[in-house]
Amino acid sequence: MADQDTDRWVFEVLAPDLRRKMKTLKNDIQWTDLVAQSLREAHARGITKDQVIHALQIMPYHPAMVRAVTGLKAGGKTTFLCLSNANSVFISTILESKGLQTLFEEIITNRAEWEPSGLLKLQRRVDPEGPQHSCKVGCSPNMCKGEELEAFLVRKGGDFDRLVYVGDGNNDFCPILRLRRQDIVFCRTSRGLSKRIANEGEEKGLKAQVQYWGGAWEIEEKFRDL
């Protein structure tokens with residue numbers, strides 16, 4: 001929904017050297033663990049809770065996206081689910097700053113909480129010491145979005161007429177493989193998901209309709225046409 005990646009944005013604003021370090025280490029340390037490590041380093045050098053919150057509040061978020069989701073929500077026929085590899089604090093802070101705190105039925109993401117010291121403690125959704133997910137398509141160890149989507153549908157009775165999946169990352173490929181022919185994927189262009197659809201979609205049996213978008217204004221158009 002946002003124009004920036006939240007995990008990267010905070011460090012680009014507050015500690016660019018940590019952002020560079022993350023880029024260097026991203027292939028060596030699991031991403032959620034790397035963000036958690038970077039938050040600890042930022043806290044150790046004196047970056048405060050208020051600074052992190054402010055960075056999230058000023059993150060670019062296109063007005064057309066706000067209009068798109070609020071308009072669809074107002075119609076009363078759509079249930080919104082958030083599947084994210086960010087974390088609960090980042091997401092809730094951004095949504096509150098945009099007046100969207102009641103948008104989602106559920107937010108499924110990594111756990112985070114503020115400690116009294118002002119450190120944001122971040123943990124993988126799937127505990128590395130516990131049972132792991134069974135994804136074979138390439139989801140990150142912290143969460144399989146496909147399994148999470150299917151579990152949500154079971155909790156809700158699985159009786160949705162149509163699913164509309166908006167995504168752009170590599171880890172959005174697994175859940176869209178679980179969609180039906182009547183479902184729609186709104187895929188952002190020139191990102192990991194679009195490349196995986198082009199390279200693996202047919203081979204992996206992707207059934208859903210795929211429509212591409214580049215800017216939030218295009219999502220607003222597509223949501224109006226649903």
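**Notes on cysteines, sheet and salt bridges**

1. Let me start with a cysteine: C139 has a relative accessibility of 11%, so C139 counts as buried. Please keep in mind throughout that this is a predicted model. C135 is buried too, at 16% relative accessibility. With these two cysteines in view, how many disulfides does the structure hold? The count is zero. C135 takes part in no disulfide, and the nearest cysteine sulfur to its own, that of C139, is 3.7 Å away. Seen from the other side, C135 holds the closest cysteine sulfur to that of C139, and 3.7 Å is too far for a bond. The cut-off behind this is that the two sulfur atoms must be within 2.5 Å.

2. Next, the sheet. Three strands make up an open sheet in the order β1-β2-β3, and the pairing is mixed. Its edges are β1 (81-87) and β3 (120-123), each of which pairs on one side only. Ignoring direction, neighbouring strands here are turned by 40° against each other on average.

3. Where does the mixed pairing come from? β1 and β2 (residues 106-114) run parallel and are joined by four bridges, while β2 and β3 run antiparallel, also with four bridges. You can check the register with two pairs: C82 has I107 in β2 as its bridge partner, and R111 stands opposite Q123 in β3.

4. The turn between β2 and β3 is worth a look. These two strands form a hairpin, with five residues between them. Within that turn, G118 has a positive phi of about 100°. β3 itself has two faces: L120 and L122 lie on the covered one, whereas K121 and Q123 lie on the uncovered one.

5. Which helices go with the sheet? Helix α6 (residues 88-97) lies across β1, β2 and β3, and runs at about 105° to β2. Helix α7 (residues 145-155) also packs on the sheet, where it touches β1 and β2, and its direction makes about 145° with that of β1.

6. Helix α7 also takes part in a salt bridge, one of 18 in the structure. R125 pairs with E148, and their closest N and O atoms are 2.6 Å apart. R125 sits in the loop between β3 and α7, and E148 in helix α7, so this pair ties together parts that are 23 residues apart in sequence. Is each partner buried or exposed, or in between? E148 is buried, with 13% relative accessible area, while R125 is partly exposed at 30%.

7. D168 deserves your attention, since this is where the record and the coordinates can be read together. An unreviewed UniProt entry places the feature "binding site" at D168. In the model, D168 lies in the loop between β4 (164-167) and α8 (173-176). Beyond its neighbours within four places in sequence, D168 contacts R188, R191, G192 and L193.

8. One of those contacts is a salt bridge: R191 pairs with D168, with the closest N and O atoms 3.1 Å apart. R191 belongs to the loop between β5 and α9 and D168 to the loop between β4 and α8, so the pair ties together parts that are 23 residues apart in sequence. At 34% relative accessibility, R191 is partly exposed.

9. Helix α9 (residues 192-200) has G192, L193, S194, R196, I197 and E200 as its buried residues. What do they pack against? Their partners are β4, α8, β5 (184-188) and β6 (209-213). R196 and E200 also belong to a salt-bridge network that links them with E203 and K204.

10. Finally, the N terminus. M1 lies in the segment before α1 (6-14) and is partly exposed, at 35% relative accessibility. Apart from residues up to four places away in sequence, M1 touches Y61, M65, V69, L100, L103 and F104. Its C-alpha atom is separated by 25 Å from that of D159, which is 158 residues away along the chain. A little further on, R8 forms a salt bridge with D5, the closest N and O atoms being 3.0 Å apart. R8 is partly exposed at 25%, and D5 is partly exposed at 34%.

Terms used: Residues numbered from 1 in each chain as written. Predicted model: local features only at pLDDT ≥ 70, side-chain atom pairs only at ≥ 80, totals over all residues. Heavy atoms only, no water. Buried < 20%, exposed > 50% of the residue type's maximum accessible area, 1.4 Å probe, protein only. UniProt positions renumbered as here; feature names shortened; annotations may be inferred. Contact = heavy atoms within 4.5 Å. Pairing = 2+ DSSP bridges. Axes fitted to C-alpha atoms, helices over the stretch in contact; angles between N-to-C directions. Salt bridge = Lys/Arg side-chain N within 4 Å of Asp/Glu carboxyl O.
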